[in-house]
Amino acid sequence: MNGFGETDSGPMIDERIAKFLAEHHVLTLATTVDDVPHCSSLFYAYLPEQNLFAVTSAGNTWHVAQLQRNARVAAAVVLETKLVGKVQGLQVRGRMYRP
């Protein structure tokens, strides 16, 4: 199950995934330009009506510089645990843009 579907008003998300995202507030963002990958941690707000993540960042960061050249990203939101085999999380990929 990928957790996503389609409605007349656009994409819908599985309630369990929306609940998980509402309970957490930090994601790991992966960017890349010219085969130079970079990861950064960002605070986020998840907007379920649009199925979007909203983040803020300083304009002089490496990931913002990379995003200006390549808007394709991947991200992960992970529940930290000390129990091996009990890692829960969500991985996504898409494009970032300024509204």
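This text walks through the largest pocket of the structure and then turns to its aromatic rings. The model is a predicted one.

Start with the pocket. The largest pocket has a volume of about 890 Å³. Its lining is made up of 34 residues. Look for Phe53, Val55, Arg95, Met96 and Tyr97, which are the closest to the pocket's centre.

Now ask which elements give two or more residues to this lining. Two helices are on the list: H1 (15-23) and H2 (62-69). The strands are E3 (26-33), E4 (36-47), E5 (52-55), E6 (72-79) and E7 (88-95). Strand E7 gives the most, with five residues.

What classes of residue line the largest pocket? The lining has 24 nonpolar residues. Seven more are polar, and three are charged.

Next, the rings. A search of the whole structure finds two aromatic pairs. One of the pairs joins Tyr44 and Phe53. Their ring centres are 5.3 Å apart, and their planes stand at 75° to each other. The pair counts as edge-to-face because the angle is over 60 degrees. Tyr46 comes in as well: ring pairs link Tyr44, Tyr46 and Phe53 into a cluster.

Are Tyr44 and Phe53 buried or partly exposed? Tyr44 has a relative accessibility of 6%. Buried means under 20%, so Tyr44 counts as buried. Phe53 has a relative accessible area of 28%. That value lies between 20% and 50%, so Phe53 is partly exposed.

Phe53 ties the two topics together. Phe53 is among the residues closest to the centre of the largest pocket, and Phe53 also belongs to the ring cluster.

Key: Residues are numbered from 1 along each chain as its sequence is written. This is a predicted model: local features need pLDDT of at least 70, side-chain atom pairs count only at pLDDT 80 or more; totals for chains, interfaces and linings use all residues. Side-chain values use heavy atoms; hydrogens and water are left out. On a 1 Å grid over the protein atoms alone, a cavity is a set of points where a 1.4 Å probe fits but cannot get out, and a pocket is an open set with protein on both sides within 12 Å along at least five of seven lines; lining residues have an atom within 4 Å of a point. Grid points are joined across faces, edges and corners, and a volume is the space filled by probe spheres set on the points. Helices (H or I, at least four residues) and strands (E, at least two) are DSSP runs, numbered from the N terminus. Ala, Val, Leu, Ile, Met, Phe, Trp, Tyr, Cys and Pro count as nonpolar, Asp, Glu, Lys and Arg as charged, and the others, Gly among them, as polar. Rings of Phe, Tyr and Trp (its six-membered ring) pair if their centres lie within 6.5 Å; planes under 30 degrees apart count as stacked, over 60 as edge-to-face and the rest as tilted. Buried means under 20% relative accessible area, exposed over 50%, partly exposed in between (1.4 Å probe, protein chains only).
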